[in-house]
Amino acid sequence: MTTYTAAAEVPGAAREGDWVSLFSGGKDSSWALYCALDGGLNVTRLLTVHPQGDSYMYHVPQTRLARLAAESVGIELVEVEPDDFEAESTVDSGAQGDAELEPLEAALRDLRSAPDVDLAGVTAGAVESEYQTSRIEGMCDRLGIDL
């Protein structure tokens, strides 16, 4: 089992600006948020995707509770309401994960273009999933932000 510390999670040369924490309310995204804040990142938004059905990319259970967590830590919550991903009928998991990223990437593009946001990067709790991490890294590369 790998033990993570805040220092290990937040790179020393993290870009200054506004950070968005990809936040499902689950333990991994909560830990990533904690590490980001503890490491001094300026987390100005939490972003939660609420899948309507099964998902290859997102935590599904009880994402509506993210609003309570956002209120408790005093960070604005951005909520993304995608159409049903129809993950249960997919035949290509790679294409499915890429398609599921589209609403998240669109929300981050919108944030990046907001006049009051200097988007530096996102934090994510995808600590053990190469499937999720590689897709989030690719998205960050396309957006020109850090992960």
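A salt bridge is counted here where a side-chain nitrogen of Lys or Arg lies within 4 Å of a carboxyl oxygen of Asp or Glu. By that criterion the side chains of Glu105 and Arg109 form a salt bridge in this predicted model, with an N to O distance of 2.7 Å. Both residues belong to helix α4 and are four residues apart, so that about one helical turn separates them. Their surroundings can be described through relative accessibility: Glu105 is buried, at 10%, whereas Arg109 is partly exposed, at 34%.

The confidence of the prediction bears on how such details are read. The mean pLDDT of the chain is 84, and 86% of its residues reach a value of 70 or more. Over residues 1-9, however, pLDDT stays under 50, and the model has 12 contacts beyond four places in sequence for this segment. Where pLDDT is low, the predicted coordinates should not be read in detail.

The secondary structure of the chain consists of five helices and four strands, which follow one another along the sequence in the pattern α-β-α-β-α-β-α-β-α. Of the 147 residues, 46% are classed as buried. Among the contacts in the chain with a separation of 6 or more, 75% are accounted for by residues 24 or more positions apart. The chain exposes about 7,900 Å², of which carbon and sulfur atoms supply 49%.

The largest nonpolar core holds 21 residues, and the members that touch the most other members are Val20, Leu47, Leu104, Leu108, Val122 and Met139. At least two residues of this core come from each of β1 (18-22), β2, β3 (76-80), α4 (93-113), β4 (119-123) and α5 (130-143). Helix α4 gives the most, with five residues. A second, separate core comprises 12 residues, including Trp19, Ala36, Leu41 and Leu46. For Val20, a member of the largest core, the contacts beyond its neighbours within four places in sequence are with Arg45, Leu47, Leu108, Leu111, Leu119, Gly121, Val122 and Thr123.

Strand β2, which spans residues 42-49, also contains Thr48. The relative accessibility of Thr48 is 1%, so this residue counts as buried, the limit being under 20%. When residues up to four places away in sequence are set aside, Thr48 touches Phe23, Thr63, Ala66, Leu77, Val78, Glu79 and Val80.

The structure contains six salt bridges. Besides the pair within helix α4 described above, Arg45 takes part in a network of salt bridges that links Arg45, Glu76 and Asp116. In the pair of Glu76 and Arg45, the closest N and O atoms are 3.5 Å apart. Because Glu76 lies in strand β3 and Arg45 in strand β2, this salt bridge ties together parts of the chain that are 31 residues apart in sequence. The side chains of Asp116 and Arg45 likewise meet in a salt bridge, with an N to O distance of 3.5 Å. This pair links distant parts of the chain, since Asp116 is placed in the loop between α4 and β4 and Arg45 in strand β2, 71 residues apart. The three members of the network are assigned to separate accessibility classes: Arg45 is buried, at 8% relative accessibility, Glu76 is partly exposed, with a relative accessible area of 46%, and Asp116 is exposed, with a relative accessible area of 57%.

The cysteines were considered last. A disulfide is a covalent bond between the sulfur atoms of two cysteines. The structure holds zero disulfides. Cys35 counts as buried at 1% relative accessibility, and Cys140 is likewise buried, with a relative accessible area of 1%.

Technical notes
Residues are numbered from 1 along each chain as its sequence is written. This is a predicted model: local features need pLDDT of at least 70, side-chain atom pairs count only at pLDDT 80 or more; totals for chains, interfaces and linings use all residues. Side-chain values use heavy atoms; hydrogens and water are left out. Buried means under 20% relative accessible area, exposed over 50%, partly exposed in between (1.4 Å probe, protein chains only). Contact means heavy atoms within 4.5 Å. Accessible areas come from the Shrake-Rupley method with a 1.4 Å probe; for residues, only the protein chains shown count as cover. A disulfide is a pair of cysteine sulfur atoms within 2.5 Å. A nonpolar core is a set of buried Ala, Val, Leu, Ile, Met, Phe, Trp, Tyr and Cys residues joined through side-chain atoms within 4.5 Å. pLDDT is the predictor's confidence in each residue, from 0 to 100.
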